[in-house]
Amino acid sequence: MTAVSTYSVRLVDCARTRQGKEQGGLGTHASGVCTLLKKWYTSVCQKASSGNQVWNADVQWQAVPSSAPAGESAGAALTVNLILFFIPIPRDSVILSHPNYSNGFTLPSIMDHSLGGVTVVGGTRRGNQRTPTLGISEIYVDRLQERNAAETPLTIARLAFHEGMHNQLDTWNNNLHAQGGFAAAIPVGTDPTIANINAMAARIGNLVPQWTGGFQAWLDWDKNRPR
């Protein structure tokens, strides 16, 4: 009997609720970004599928914070495998809203303006060994705007896939960036390479817990932040 599993990716445009000049959301680019990510994660699922195991990609924008309990199996119906937070700039960080990172953690993108996104996967560290407990990926929309607006969705989606690789693979920068393509330090190409797809497909059954409360935490921070 063939087992059917779902790889669920939720895209969160945090700043879409803002009004006026500070809005900073994806706007008209949102549709193109989702279309590209859905295409690429479908390719990952197709590669991960076999005769007795079928993976389907469920990629969509999450409009409101979710109260649904997280699943514990990588392919279960209630499981959110990956959450990608889209925010204007590092100052608006979702990562820094989490208790593990709100004190004593320096967000690398604050000093390095070349970074279009950051992923953390916190856990227990013993030397070079680490047990992942929570993955948070954020993408900085304002840093990824192209002079040719038509190219912006690709630039944003490509960087989002890159951060998703850090998250799903729980891989340090040097280890991931050496793979090239969308995994490179500066992602390149119009589609993930075969190696990129293979790497994600090989780990699709490994669940890295995501911060499902991150959207609400960001909304709370944004409501109370100094203006």
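These are my notebook entries on a predicted model of a single chain and the packing of its helices.

**Entry 1: the whole chain**

I began with the element list, and I found six helices and five strands. Reading from the N terminus, I wrote down the order as β-α-β-β-α-β-β-α-α-α-α. Next I looked up burial, and buried residues account for 46% of the 227 residues in the chain. For the surface, I noted an accessible area of about 11400 Å², with 52% of it belonging to carbon and sulfur atoms. I also checked the contacts between residues at least 6 apart in sequence: 70% of them join residues at least 24 apart.

**Entry 2: helix α1**

I turned to α1, which covers residues 29-48 and has 20 residues. From first C-alpha to last I read 29 Å, close to the 28 Å expected at 1.5 Å a residue. Which residues of α1 are buried? I listed His29, Ala30, Val33, Cys34, Leu36, Leu37, Trp40, Tyr41, Val44, Cys45 and Ala48. What do these buried residues pack against? My list has three strands and two helices: β1 (3-13), β2 (53-61) and β3 (82-87), along with α3 (152-169) and α5 (194-202).

**Entry 3: helix α3**

α3 came next, with 18 residues and a reach of 26 Å from its first C-alpha to its last, close to the 26 Å expected. I looked up its burial too, and 17 of the 18 residues are buried, so α3 is largely enclosed by the rest of the structure. Just past the end of α3 I stopped at aspartate 170, which takes a positive phi of about 50°.

**Entry 4: helix α5 and its two helix partners**

In α5 I found Asn196, Ile197, Ala199, Met200 and Ala201 buried. These residues pack against β1, α1 and α3, and I took the two helix partners in turn.

A reminder to myself: two packed helices are described by the angle between their axes and the distance between the axes.

With α1 as the partner, the axes come within 8 Å and cross at roughly 65°. I noted this crossing as right-handed. On the α1 side I found Trp40, Tyr41, Ser43, Val44, Lys47 and Ala48, and they meet Ile197, Asn198, Met200 and Ala201 of α5. Sorted by class, the contact of α1 with α5 has seven nonpolar residues, two polar and one charged.

With α3 as the partner, I read an angle of about 35° and axes 10 Å apart. The crossing of α3 and α5 is left-handed. Phe161, Gly164, Met165, Gln168 and Leu169 make the contact from α3, and Asn196, Ala199 and Met200 make it from α5. By class I counted five nonpolar and three polar residues here, with no charged ones.

**Entry 5: alanine 201**

I picked one residue of α5 for a closer look, alanine 201. Is alanine 201 buried or exposed? Its relative accessible area is 10%, under the 20% cut-off, so I put it down as buried. Setting aside neighbours within four places in sequence, I found alanine 201 in contact with Val44, Lys47 and Ala48. I also looked up tyrosine 41: it lies 160 residues from alanine 201 along the chain, yet their C-alpha atoms are separated by 9.2 Å.

**Entry 6: serine 8**

For a residue in a strand I chose serine 8, which lies in β1. Serine 8 is buried, with a relative accessible area of 3%. Beyond four places in sequence, its contacts are Asp58, Thr79, Val80, Asn81 and Leu82.

**Entry 7: two loop residues**

I finished with the loops. Alanine 184 sits between α4 (173-177) and α5. At 14% relative accessibility, this alanine counts as buried. Not counting residues up to four places away, alanine 184 touches His162 and His177. Its C-alpha is 9.9 Å from that of leucine 159, and the two are 25 residues apart in sequence.

Threonine 106 is in the loop between β3 and α2 (108-111). Its relative accessible area of 61% is over the 50% cut-off, so I noted threonine 106 as exposed. I then looked up leucine 96, which is 10 residues from threonine 106 along the chain, and the C-alpha separation is 8.9 Å.

Methods:
Residues are numbered from 1 along each chain as its sequence is written. This is a predicted model: local features need pLDDT of at least 70, side-chain atom pairs count only at pLDDT 80 or more; totals for chains, interfaces and linings use all residues. Side-chain values use heavy atoms; hydrogens and water are left out. Helices (H or I, at least four residues) and strands (E, at least two) are DSSP runs, numbered from the N terminus. The expected span of a helix is 1.5 Å times one less than its number of residues. Buried means under 20% relative accessible area, exposed over 50%, partly exposed in between (1.4 Å probe, protein chains only). Contact means heavy atoms within 4.5 Å. Axes are lines fitted to C-alpha atoms, for helices over the stretch in contact, and angles run from 0 to 180 degrees between N-to-C directions. A crossing is left-handed if the near helix is turned anticlockwise from the far one by less than a right angle, and right-handed if clockwise. Ala, Val, Leu, Ile, Met, Phe, Trp, Tyr, Cys and Pro count as nonpolar, Asp, Glu, Lys and Arg as charged, and the others, Gly among them, as polar. Accessible areas come from the Shrake-Rupley method with a 1.4 Å probe; for residues, only the protein chains shown count as cover.
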